[in-house]
Amino acid sequence: DVALYCEGEKFDSLHYTVAPTTKVATRLAWISDCGTIEQYTFPLSHTAKRSANKQIIATEGGVVATRCQAKQVISLSSRYEPRATIEAIAQITSATKVWVKQGEKWDLVEVVTPHLEYNLFGEPSHLSLDVCLWQKEVML
């Protein structure tokens, strides 16, 4: 438990539970609106999407790809959390930098969900977001 004090008087407290991550969990870190580095482990990665866009031209010999853009996106869901936690996680959409933990290293990623929705009434709530793990472009 963490107690919060103002002018020597306790006005609130927070309770943290540290739980081990599972093999399917995805840990993200980001720079919050206040400039601090926040972290959260999303217990569920429920969708992986890989897409490719090709630029093609028609030649006398047939159709030829001249450029290919490919990316991998995963969809993550949080646990059901108190509203304050969900509001803190929701700041990830405006974060200037977001990282994903892969093994022992942290890789820069992009949150591609433009906005998040969560319940303002009652607790707990949860949210889902999409993260682009990698993107590459090849000129052929």
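1. A definition to start with: two strands count as paired if DSSP finds at least two bridges between them. With that in hand, here are a few notes on this structure, which is a predicted model.

2. Strand β3, covering residues 26–31, pairs with β4 in the antiparallel sense, and the pairing runs over six bridges. If you would like a spot to look at in the viewer, try alanine 29, which stands opposite glutamine 39 in β4.

3. That pair belongs to a wider arrangement. Seven strands make up an open sheet with antiparallel pairing, and their order is β4-β3-β7-β8-β9-β6-β5. At the edges sit β4 (37–42) and β5 (44–59), each of which pairs on one side only. On average, and ignoring direction, neighbouring strands of this sheet are turned by 35 degrees against each other.

4. Now to the cysteines. A disulfide is a covalent bond between the sulfur atoms of two cysteines. Taking sulfur atoms within 2.5 Å as the cut-off, the count here comes to zero disulfides.

5. Cysteine 34 is in no disulfide, and the nearest cysteine sulfur, which belongs to cysteine 6, lies 17 Å away. As for its surroundings, cysteine 34 has 69% relative accessibility and so counts as exposed, the threshold being over 50%.

6. Why can cysteine 68 not bond to the closest cysteine sulfur? That sulfur is in cysteine 132, and because it is 14 Å from the sulfur of cysteine 68, it is too far for a bond. Cysteine 68 has 17% relative accessibility, so it counts as buried, which requires a value under 20%.

How values were computed: Residues are numbered from 1 along each chain as its sequence is written. This is a predicted model: local features need pLDDT of at least 70, side-chain atom pairs count only at pLDDT 80 or more; totals for chains, interfaces and linings use all residues. Side-chain values use heavy atoms; hydrogens and water are left out. Helices (H or I, at least four residues) and strands (E, at least two) are DSSP runs, numbered from the N terminus. Axes are lines fitted to C-alpha atoms, for helices over the stretch in contact, and angles run from 0 to 180 degrees between N-to-C directions. Buried means under 20% relative accessible area, exposed over 50%, partly exposed in between (1.4 Å probe, protein chains only).
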